Amino acid sequence: MASSTINRWLRPEVYPLFAAVGVAVGICGMQLVRNICINPEVRVSKETRAAGVLENFAEGEKYAEHSLRKFVRNRAPEIMPSINGFFTYPK
C-alpha cells in the first residue's frame, strides 16, 4: 500500500508541481521572517509590547521604501522589455 502511494506521487510529471509549491512556501516563509524581524509594528518581546503604539514614522518609512522598491520605481512595468520591443516595433 505504501509503495503504491509513493509511486503515485513521485512521478517525473509531478516534479514541477513540487517545485511551484516549494517556491510559494519559500516566498511565504521569507515574508514571515521579514515581518517578524524588521517590521516596526511587530513586537515580539514583552518589553517592547508594553510600550503601546509608537509613532516612529521614520522607521516605518524606511521599512516601506526598501531597496527593491526604489530600484523599480522609475522603470517600465515590463518583465522582458527587449522581447516586448521586438514584437511591438518590428523592423
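**Legends to views of a predicted all-helix chain**

**View 1. Order of the elements along the chain.** Read from the N terminus, the elements of the chain follow the order α-α-α-α-α-α. The radius of gyration (over C-alpha atoms) is 22 Å, well over the 12 Å that the globule rule (2.2 Å times the number of residues to the power 0.38) gives for 91 residues, so the chain is more spread out than a compact globule. In all, the chain holds six helices and zero strands; helices (H or I, at least four residues) and strands (E, at least two) are DSSP runs, numbered from the N terminus. This is a predicted model, in which local features need pLDDT of at least 70, side-chain atom pairs count only at pLDDT 80 or more, and totals for chains, interfaces and linings use all residues. Residues are numbered from 1 along each chain as its sequence is written, and side-chain values use heavy atoms, with hydrogens and water left out.

**View 2. The two domains and the extent of the trace.** Domain 1 covers residues 1-38 and domain 2 covers residues 54-90, with bounds taken from an automatic or database domain assignment. Their centres, taken over C-alpha atoms, are separated by 28 Å. The C-alpha trace spans about 60 × 55 × 15 Å along its principal axes.

**View 3. Confidence by helix.** The mean pLDDT (the predictor's confidence in each residue, from 0 to 100) of the chain is 83, and 96% of the residues score at least 70. Confidence is highest in helix α2 (residues 15-38), at a mean of 93, and lowest in helix α1 (residues 2-9), at 73.

**View 4. Surface and charge.** About 8,500 Å² of the chain is exposed, 66% of it supplied by carbon and sulfur atoms; the areas come from the Shrake-Rupley method with a 1.4 Å probe. There are 12 positive (Lys and Arg) and 8 negative (Asp and Glu) side chains, with His and the chain ends not counted. The centres of the two sets lie 7 Å apart, each charge being placed at NZ of Lys, CZ of Arg, CG of Asp or CD of Glu.

**View 5. Val14, a buried loop residue****.** Val14 lies in the loop between α1 and α2. Its relative accessible area is 13%, so Val14 counts as buried (under 20%, 1.4 Å probe, protein chains only). Of the 91 residues of the chain, 4% are buried. Val14 and Cys28, 14 residues apart in sequence, are 21 Å apart from C-alpha to C-alpha.

**View 6. Asn39, in the loop between α2 and α3****.** Asn39 belongs to the loop that precedes α3 (46-49). Asn39 is buried, at 16% relative accessibility. From C-alpha to C-alpha, Asn39 and Leu10 are 39 Å apart, with their positions 29 residues apart in sequence.

Conventions:
Buried < 20%, exposed > 50% of the residue type's maximum accessible area, 1.4 Å probe, protein only.
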